[in-house]
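Trainee: I should like a close look at a single part of this model. Please relate it to its surroundings.

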Amino acid sequence: MPEGYEYDLFISYSRKGTCRTWVTQMLLNNLIASLEDQLPNPVTYFIDEEIQPGAIWEERIRGKLMASKVALCIWSPAYFQSDWCMAEWKSMERRQELLTNVRPEFADSPVLFPVIYSNGDYFPADAQGTQYSRMFIEDPELLNHVEAFKQSVKYAELASRTRKLAEQLAIRIAHAPPFQSGWPWVRPLSLQPPLIDKPKM
């Protein structure tokens, strides 16, 4: 297990549907660049595209999550069908509960930041009862995952909203609680790792 924070941000999302392509091709670079504008040090982040086939998945994911200050969860119906996504979300939720019970002021700067990617009607009740952002789904055109979208007028709006997201994340990163080696970990129901393949273009 890590002995201190390694990452500012852990990005949690489903590999199913178009979400993965949108996160990796449309959101990620803009988000990290915008965070670099907000924070005094180079931004470190983890996204599971970095895990190589054959890795001990639970050990790697648990270690990376424990070593991250804040988790950005991109919610879609498929997110809640993934045992690994659920483990990531629930682990950070438990961390937030632990922090708030010890020091109530941590409720003002949560370590968990959910953003809706698609259709919250199919989210489980506990997710629907959680505070989350609708900043992208408010304008579904911003969720376009096709490469040609980068040449459109709407892409500039996506970049603008991503900057607003970065501003909110930067505050949470800057006010992250001191590292603890015993952060909660909620084991996934299945330990079968997801398939590793390249995102579809």
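Does Ala170 count as buried or exposed, and at what relative accessibility?

Mentor: Ala170 counts as buried because its relative accessibility is 6%, where buried means under 20% relative accessible area, exposed over 50% and partly exposed in between (1.4 Å probe, protein chains only). The model is predicted, so local features need pLDDT of at least 70 and side-chain atom pairs count only at pLDDT 80 or more, while totals for chains, interfaces and linings use all residues. Residues are numbered from 1 along each chain as its sequence is written, and side-chain values use heavy atoms, leaving out hydrogens and water.

Ala170 belongs to helix 5, residues 153-174; helices (H or I, at least four residues) and strands (E, at least two) are DSSP runs numbered from the N terminus. Setting aside residues up to four places away in sequence, Ala170 touches Leu35, Gln38 and Leu39, contact being heavy atoms within 4.5 Å. Gln38 lies 132 residues from Ala170 along the chain, yet their C-alpha atoms are separated by 6.3 Å.

Leu35 also appears in the largest nonpolar core, of 60 residues, where it is among those that touch the most other members, together with Trp22, Leu72, Ile74, Phe136, Leu165 and Leu169. Such a core is a set of buried Ala, Val, Leu, Ile, Met, Phe, Trp, Tyr and Cys residues joined through side-chain atoms within 4.5 Å. Helix 5 and helix 1 (19-38) are among the elements that each supply at least two residues of this core. Helix 1 gives the largest share, nine residues.
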